[in-house]
Amino acid sequence: MINTLYIGSVSACFELENTLAYRTDGHYSVKCGDKELDLDTNVFSLFGLKPDTEYTAEASGYGSVTFRTKPETCAVSVKDFGAKGDGVTDDTQSIQTAINCLPAGGRLYFPEGVYYTAPLALKSHITLDIPEKAVLLGNTDKTRYPVIPGELTDINTGEAVQTGAWEGNPVPMHQSLIFAEYAEDIRIVGKGVIDGNAQNSDWWVNVKEYTVARPRLLFFNRCKDITVHGITAQNSASWQLHPYFSQKLDFLDLAVNAPKDSPNTDALDPEACDEVNIIGCRFSVGDDCIAIKSGKIELAQKYKTPASRHTIRNCLMQFGHGAVTLGSEMAGGVRDLTVERCLFYRTDRGIRIKTRRGRGKLAVIDGVVFENVKMDGVMTPIVMNMWYNCCDPDRYSEYNTTREKLPVDDRTPYLGKFTFRDMECTNCHVAACYCDGLPEMPIAEITLENVTFTYDPNAEEGYPSMKNNNVKLRRAGMYFDNVGKLTVRNVRVEGCDGDELMANNVGELIRE
């Protein structure tokens, strides 16, 4: 059976219904008009379609689907506005003028070429069509990326006006290459490339010395109904895709790339967003592949907006620090996350939860389900760390290091119910699981069901989590500390050194 994920004016995205992780069991063909594709992934896309036209797509072994593309008001070429696309000429003004002039419901088309550009502002009700062999290439001149404040004050009401944030705080930042603020109904589609060009600049040099946050590649602030379909996003100065306080977001069949040693190049970090679908995507970056966030405590207390209703499905995560990360800036909470039919390959961690004392009482993570997930070469597949010690001024304070039970107060975070089922984790290195709660606020409930862990014969030792007073491990089993209820049902740990299960300060343990 074929499920429809997205129908636009010139592209469409579909998903095969099965229980496999990311890839099908063998190749299959897709035929649609004069298009024929040979594929082996559960998600497939069609590009270069005509608007307001009926099509039938047939996938061998899975049936067919008939659909009609959306109408559009017009389609214009960016070259009609003077863009050269030669990779040398600064095309910023031409592209921005074209965006400004595009009618609602219109599509801006980028013919084959390399469009050298500084930051571009999008507006509502438009489509950017970036087909194969078209590249938007970021300008390497830092002065072309204006500095904007993280938060302004309305001179009439005195209320805050949000312009963005970096690592959970509303601080000054360089404008992102492609950005939209308070906009809706935006589509960025095609098999082309948006390249931040940081590899040819000095954005990745001495990053801890920056007093103004580096630009993101794509940034959406308080937007609604956004679709990014098919493109390759790569080489951002920092995070690649960063939707912020936005709703109804679809990231479909896209690729996000950065060198393994590039700093803070997270692939996709939705922050305080609602209804986010990340389906059929491929991530290979220098930091977390997906990091779901909701700000630090100041933003959380002011806006009380959790990250909610996120679905991650049929994705491939490679080489990042975490395949799917929650936090560490999650003071607004994370609720209702489903991760299924994904493949994690050689990431440091599979599921990576990062929180700490001081995130606050709104920092509630609850309703997290992982199922039908395969991991290969992941150092530690499951990490839940309530002692995260990075990126905060008080990281080494007694408050954040003592293992003594402290009073529960307005600064105490909470981890609720987590379910991991039908997972196969092969070639692990450091540990199978490492779940470390707070003595005053144990992780409420963890369930592992139908899960297998095996180890790389040449496993490397490493730190399972980032915390103070850390100890390196190698081929360790499942470690749990400060957990309210732990259920381990039909779980196999093969080849670990030492005990398969280490459960300390666990209120209720069920092992079947």
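# Reading cavities, pockets and buried residues

Me: Let's start with the second largest cavity. How many nonpolar, polar and charged residues does its lining have?
Reply: Sorting a lining by class is a good way in. The second largest cavity is lined by four nonpolar, two polar and three charged residues. Keep in mind as we go that this is a predicted model.

Me: What is the volume of the second largest cavity, and which residues line it?
Reply: Take the volume first, then the names. The second largest cavity holds about 30 Å³. Its lining is made up of Arg-349, Arg-352, Ile-353, Lys-354, Val-383, Asn-385, Tyr-388, Ser-465 and Met-466. Two elements, β36 (349–354) and β38 (380–385), each give two or more residues to this lining. The most comes from β36, with four residues.

Me: Tyr-388 is in that list. Where is Tyr-388 found, and is Tyr-388 buried or exposed?
Reply: For a single residue, I like to go from its place in the chain to its surroundings. Tyr-388 sits in the loop between β38 and α3 (398–401). Tyr-388 counts as buried because its relative accessible area is 6%, under the 20% cut-off. Leaving out residues up to four places away in sequence, Tyr-388 touches Ser-328, Arg-352, Lys-354, Thr-355, Arg-356 and Met-466. As for Thr-355, its C-alpha atom is 5.6 Å from that of Tyr-388, although 33 residues separate the two along the chain.

Me: How many cavities of 30 Å³ or more are there, and which residues line the largest cavity?
Reply: The count comes to two cavities of 30 Å³ or more. The largest cavity has a volume of about 60 Å³, and Tyr-145, Leu-177, Gly-196, Trp-203, Pro-215, Arg-216, Leu-217, Ser-236 and Ala-237 line it. By class, that lining has six nonpolar residues, two polar and one charged.

Me: Arg-216 is in that lining. Which residue's side chain does the side chain of Arg-216 join in a polar contact of 2.8 Å?
Reply: Following a shared residue is a handy way to move through a model. The partner is His-242, at 2.8 Å between the side chains. His-242 belongs to strand β25 (residues 241–244). His-242 is classed as buried because its relative accessible area is 0%. Beyond four places in sequence, the residues touching His-242 are Ala-165, Arg-216, Leu-218, Phe-219, Phe-220, Asp-269 and Glu-271.

Me: Now the pockets. How much space lies in the largest pocket?
Reply: Pockets can be read in the order of volume, lining and class. The largest pocket has about 860 Å³ of space. Its lining has 35 residues, with Trp-166, Glu-167, Arg-214, Asn-264 and Cys-391 closest to the centre. This lining has 13 nonpolar, seven polar and 15 charged residues.

Me: And which residues lie nearest the centre of the second largest pocket?
Reply: Those are Ser-45, Leu-46, Phe-47, Lys-191 and Asp-253, among 26 lining residues. The elements giving two or more residues are β4 (35–41), β5 (43–46) and β10 (106–109). The largest share, five residues, is from β4. The volume of the second largest pocket is about 530 Å³, and its lining has eleven nonpolar, seven polar and eight charged residues.

Me: One last feature, helix packing. Which residues of helix α1 are buried, and which elements do they pack against?
Reply: List the buried residues, then look for their neighbours. In α1 (residues 92–101), the buried ones are Thr-92, Ser-94, Ile-95, Gln-96, Ala-98 and Ile-99. They pack against β9 (86–90), β10, β11 (113–117), β12 (120–121) and β13 (126–129).

Key:
Residues numbered from 1 in each chain as written. Predicted model: local features only at pLDDT ≥ 70, side-chain atom pairs only at ≥ 80, totals over all residues. Heavy atoms only, no water. Buried < 20%, exposed > 50% of the residue type's maximum accessible area, 1.4 Å probe, protein only. Polar contact = N/O pair within 3.5 Å; in protein donor to acceptor, adjacent residues only side chain to side chain. Contact = heavy atoms within 4.5 Å. 1 Å grid on protein atoms, 1.4 Å probe; cavity = no way out; pocket = protein on both sides within 12 Å on 5 of 7 lines; lining within 4 Å. Points joined across faces, edges and corners; volume = space filled by probe spheres on them. Nonpolar A, V, L, I, M, F, W, Y, C, P; charged D, E, K, R; others polar.
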